Amino acid sequence: MNNEKYYQTTTLPYVNANPHIGHTLEFVQADVVARFKRKKLGEENVWFNLGADEHGLKMYQKAKEKGVTPQEYVDEYSKNWKEFCDLFLISYDTFYRTSDPSHHKLAQEWWLRSEANGDIYKKEYTGLYCVGCEEFKTEKQLVDGKCPDHGVEPIVVSEENYFFKLSKYRDDLLKWLDSGEILKPDHKKAELKNWISAMEDISISRVKEKLPWGIEVPSDPTQVMYVWFDALTDYINVLKDPTEFAREGFDKDAGIDNWWPGVQFFGPDNLRFQGGVWQGMLASFGVAHTRKLLNHGMVLAADGTKMSKTKGNGVSPFEQQEKYGTEAVRFYLIAGISTFADSPYKEEDLKNLYNAHLADNFGNLLNRVIVLSNKYGIDYSDSNNIDSEFKSKVDGFVSEIESLLEKFELQSAVQKIIELASFGNEYISEHQPWSKEKTEKEREQILSNLAYLIKNVAEQYSYIIPESANRALDMLIKKESGVLFAKID
RNA sequence: CGCGGGGUAGAGCAGUGGCAGCUCGACAGGCUCAUAACCUGUAGGUCGUUGGUUCGAAUCCAACCCCCGCAACCA
């Protein structure tokens, strides 16, 4: 029995944001790994967490605008996020919500622990405060010294906040980052280390009067925790108390020690939070650092620049899904988008890659093997008919694919799956089982070999396109010919 | 001189001292079991610019040009 346990989490999006293509990339990447790990380690040994960050000023303001309570507001939005995950077949085990009472309790416990370690202190903070926005502004946010939204000069306000001694952990974090292959991609290390070397203590609370929607500081009811401080603790809180957040049938044994340290997926803007702030917090809590930080790239618009609302060059995951289907989008995000580097999202590429690799290469191979075997009445299901040399070649591909997946090199892994399917097409062309010269015995061996190859391709594809891959296996077993992947025009 | 990444075929990328590669796209031939598919082959690149080191540079060094991200709700 394998007792290795694997835990991974994505970042928690602000719940009032609309899911965009970057979230889709992060979730799909994480989902592919989770599905792979479940296959290798067993369902019960894999835990894939996802969730929503539900506190903060934005949520509070939006709820007020809509005339609903913040809780009602976040309930609605969390539901949308879950639907988004379902739409893209994201097989999370827990969907964590920071507005949940159990999260409040646990976040407060961590606060007290950090405080007991002498890492939290009170300090006066002075800043430019816009009364209209009810928030502090930085100099750069101002236009001609005035708030761009309200056209009013902000006033200088001082308030007392709690601060976290992040600077205390600089050396610890720098040492940890050099202790192994912690961060992917490697070239982001310089950036992170730069930031860590200069990191200062951070404000981790707000005056409750100004921001009633948050978690109370345990020792001071006039203050609430700053969203980052509470939200980040989710990654380990869920391991303590998963009951409220788990999918039906979830029965994983809880406890940090069983599952942590885990693997974290996050985007480019989160590098300093996940790699710096959160790691400092973990050190303060006396909990191990993250096992692996996976920093995916940014999905850029087709012209290679950042997607933005003002430029109107954004790509909506919902539109893409409607246009091409869930699995085509999933496939493109893994096969066409660089796993760790910034990449442009081009619909033309999505179509080409889908047509070339799924319809023409794999889908067509599947169909031709089934049609041939039906035509000649061949049973390819007997594994004794598989040629051993052929089998070891296929197995070699599979082990290469798996070792790439172990290293989270998702795009390279798909390339290998594609190569394996191509090998099938080359093989069938070379051996021509349709030729009149072939004996039944020869046809049986050729088609058995190919059936074995197809089965393996489908199994590897099942992490990326789970529904189609299962359908492929089903068609193969039932010898049911047909078009599995229709071409996209 | 804020920090970091990048500039290689029409497109997306790999290649960190030894004959310029991969996928897609384009084109030609072959095959006919198959989804106008598949197989084989062809075309297409002064590797951002200039200078240097070297027997030899896409790769190392220097300077410069250009693009992108972060710094500012945002994966």
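**Strand S1 and the loop at Ala-302**

Strand S1 spans residues 6–9, and its side chains alternate in direction: Tyr-6 and Gln-8 point one way, while Tyr-7 and Thr-9 point the other way. All four of these residues are buried. The model described here is predicted.

S1 pairs with two strands. One partner is S2, which covers residues 46–52. S1 and S2 run parallel and are joined by 4 bridges. Within this pairing, Tyr-7 of S1 stands opposite Trp-47 of S2. The other partner is S12, made up of residues 263–266. S12 also runs parallel to S1, and 2 bridges join them. Here Gln-8 has Val-263 as its bridge partner. Tyr-7 and Gln-8, which point opposite ways from S1, thus appear in the two pairings, Tyr-7 facing S2 and Gln-8 bridged to S12.

The chain passes from S1 to S2 by way of a helix. Helix H1, residues 21–41, combines with S1 and S2 in a β-α-β unit. The unit is right-handed.

A second site lies further along the chain, at Ala-302. This residue sits in a loop, with strand S14 (299–300) on one side and helix H11 (317–324) on the other. Is Ala-302 buried or exposed? Neither word fits: its relative accessible area is 47%, so Ala-302 counts as partly exposed. The cut-offs are under 20% for buried and over 50% for exposed.

Ala-302 also meets a distant part of the sequence. Beyond its neighbours within four places in sequence, Ala-302 is in contact with Pro-344, Tyr-345 and Lys-346. Glu-347 lies 45 residues from Ala-302 along the chain, yet 8.1 Å separates their C-alpha atoms.

How values were computed: Residues are numbered from 1 along each chain as its sequence is written. Chains are lettered from A and ligands numbered from 1 in the order in which they are written. This is a predicted model: local features need pLDDT of at least 70, side-chain atom pairs count only at pLDDT 80 or more; totals for chains, interfaces and linings use all residues. Side-chain values use heavy atoms; hydrogens and water are left out. Buried means under 20% relative accessible area, exposed over 50%, partly exposed in between (1.4 Å probe, protein chains only). Two strands pair if DSSP finds at least two bridges between them. A crossover is right-handed if, with the strands pointing away from the viewer, the path from the first strand over the helix to the second runs clockwise. Contact means heavy atoms within 4.5 Å.
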